[in-house]
Amino acid sequence: MDWHHVWPVVAAAFLASLVEFVEALTVVLAVGTVRGWRGALAGTGIALATLCLIVLALGPALTQIPLTYVQLVVGALLLLFGMRWLRKAVLRAAGVIALHDEAATFAKETENLRGLALAGPGWDKVAVTAAFKITMLEGLEVIFIVIAVGAGPGLLLPACVGALAALLLVVALGLALHRPIAMLPENTLKFAVGVLLSGFGTFWVGEGVGVDWPGEDWSILGLIVGFLLAALAAVQLCKHQAARPLHPTGQDAS
Amino acid sequence: MSWLKTIIAEVWGLFVDDGHFAIAILLWLALVGGLLPHLGIGPVWLGIILFVGLAAILIESTVRRSRS
């Protein structure tokens with residue numbers, strides 16, 4: 001396997017999955033801390049088993065669809081997904097919207113869970129459901145990301161390796177810390193992931209509509225650099241716009 | 001089944017946050033993929049036009065949001 005060819009795929013799957021797993025860990029930790037670990041781990045386990053079934057059911061079906069159609073549809077979805085992340089990261093970097101805070105999310109989740117009645121003997125349905133929901137949701141996102149960035153020939157395995165590495169890292173950090181992983185620069189990660197996914201999405205859509213990319217797969221790197229520059233320019237423009245004084249009528253001063 | 005509805009809504013939310021932004025991306029993809037090849041634009045230029053349009057959509061959407 002050519003490392004120069006696959007590293008953007010591994011990096012994109014790793015970073016995007018890392019963000020998703022960190023978000024899932026925050027809620028599972030909150031459930032485990034407040035409602036007990038039996039329900040939290042059961043909900044997480046059921047969701048993981050369901051996700052495995054989805055992968056086993058959809059995986060072979062995807063290989064039956066012509067690659068051009070897969071790249072076109074997956075590329076379009078990846079663009080919607082990646083550019084949505086990038087847009088939000090740009091607005092957060094420019095100070096237009098508030099940064100996401102894992103510690104605050106953990107505090108809010110624990111408060112919500114404490115407000116619910118405690119379970120009697122047997123399974124705690126609240127704990128199982130809460131852990132199941134968050135693991136399913138974030139897990140579906142990871143599956144989509146892995147399929148999307150691995151949509152090229154021979155790229156699915158590197159994408160899986162990236163996502164698995166992220167899972168192992170988050171589980172290890174969760175076991176070691178027993179608290180939300182709030183020290184990661186989440187918006188910087190999301191900014192980077194948004195740039196990577198937008199680059200991949202544009203490349204796959206281009207492949208699907210018959211674009212002749214100069215340098216073939218190397219164009220992905222060019223697209224990534226292009227989206228990075230566009231996003232950095234957008235941050236500066238947004239900061240400039242946000243700092244503009246308004247007339248009393250609410251209109252721009254200029 | 002409220003959890004299922006929640007998951008479906010959340011999955012939709014993965015792709016669509018700002019409706020105008022999502023529609024602009026899809027329209028641009030449709031234009032580049034469906035119309036421009038019929039205007040005799042070469043396959044290399046098609047890629048450049050695809051990227052430039054998407055970058056412009058990103059910048060316009062974020063600047064518009066920061067104004068509001």
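The loop between α7 and α8 of chain A holds A:E216. In this predicted model, A:E216 has a positive phi of about 50 degrees, although it is not a glycine. Most residues other than glycine have a negative phi. A:E216 counts as exposed, because 11 other C-beta atoms lie within 10 Å and the limit for exposed is 12 or fewer. A second positive phi occurs just after α7(A). There, A:G210 follows the helix with a phi near 90 degrees.

The helix before this loop, α7(A), covers residues 186-209. Its 24 residues should span 34 Å at 1.5 Å a residue. The end C-alpha atoms are 34 Å apart, so the expected and modelled spans agree. α7(A) is mostly covered, with 21 of its 24 residues buried.

Helix α5(A) gives a similar reading of length and cover. It runs over residues 125-149. Its 25 residues reach 36 Å from the first C-alpha to the last, close to the 36 Å expected at 1.5 Å a residue. Of these 25 residues, 19 are buried, so α5(A) is largely enclosed by the rest of the structure.

Chain A as a whole is built on helices. It has eight helices and zero strands. Read along the sequence, the pattern is α-α-α-α-α-α-α-α. The C-alpha trace spans about 65 × 60 × 30 Å along its principal axes. Chain A has 254 residues, and 48% of them count as buried. Contacts across the sequence are frequent. Among contacts in chain A with a separation of 6 or more, 86% join residues 24 or more positions apart.

One example of sequence distance and spatial distance involves A:T68. This residue lies in helix α3 of chain A. A:T68 and A:G208 are 140 residues apart in sequence. In space, their C-alpha atoms are 4.9 Å apart. A:T68 has 13 C-beta neighbours inside 10 Å, so it counts as partly exposed.

Helix packing was examined next. Two packed helices are described by the angle between their axes and the distance between the axes. In chain A, helix α3 (residues 67-93) and helix α8 (residues 219-243) have axes that come within 8 Å. The axes cross at roughly 40 degrees. At that angle α3(A) is oblique to α8(A), because the roughly parallel class is kept for angles under 35 degrees. The crossing of α3(A) past α8(A) is right-handed. From α3(A), the contact uses A:L86, A:V90, A:L91 and A:A93. These meet A:F227, A:A231, A:A234, A:V235 and A:C238 in α8(A). By class, the contact of α3(A) with α8(A) has nine nonpolar residues, no polar and no charged.

In chain B, helix α2 (residues 19-35) packs with helix α3 (residues 43-67). Their axes come within 10 Å and cross at roughly 165 degrees. Angles over 145 degrees count as roughly antiparallel, so α2(B) and α3(B) fall in that class. α2(B) passes α3(B) in a right-handed crossing. The residues of α2(B) in this contact are B:F21, B:A24, B:I25, B:W28 and B:V32. The residues of α3(B) are B:L46, B:I49, B:L50, B:G53, B:L54, B:I57 and B:S61. This contact of α2(B) with α3(B) divides into ten nonpolar, two polar and no charged residues.

Helix α3(B) has 25 residues, which should span 36 Å at 1.5 Å a residue. Its end C-alpha atoms are 37 Å apart, which agrees. The buried residues in α3(B) include B:L46, B:L50, B:L54, B:I57 and B:S61. B:R65 is also buried. The cover over the buried residues of α3(B) comes from both chains. It includes α3, α7 and α8 of chain A together with α2 of chain B.

The contact between the chains takes 40 residues from chain A and 32 residues from chain B. On the side of chain A that touches chain B, the elements giving two or more residues are α3, α5, α7 and α8 of chain A. α3(A) gives the most to this side, with twelve residues. By class, the side of chain A that touches chain B holds 28 nonpolar, six polar and six charged residues.

Conventions: Residues are numbered from 1 along each chain as its sequence is written. Chains are lettered from A and ligands numbered from 1 in the order in which they are written. This is a predicted model: local features need pLDDT of at least 70, side-chain atom pairs count only at pLDDT 80 or more; totals for chains, interfaces and linings use all residues. Axes are lines fitted to C-alpha atoms, for helices over the stretch in contact, and angles run from 0 to 180 degrees between N-to-C directions. Helices (H or I, at least four residues) and strands (E, at least two) are DSSP runs, numbered from the N terminus. Angles under 35 degrees count as roughly parallel, over 145 as roughly antiparallel, 65 to 115 as roughly perpendicular and the rest as oblique. A crossing is left-handed if the near helix is turned anticlockwise from the far one by less than a right angle, and right-handed if clockwise. Two residues are in contact if their C-beta atoms, placed from the backbone, lie within 7 Å. Ala, Val, Leu, Ile, Met, Phe, Trp, Tyr, Cys and Pro count as nonpolar, Asp, Glu, Lys and Arg as charged, and the others, Gly among them, as polar. The expected span of a helix is 1.5 Å times one less than its number of residues. A residue is buried if 20 or more other C-beta atoms lie within 10 Å of its own, exposed if 12 or fewer, and partly exposed in between; C-beta atoms are placed from the backbone.
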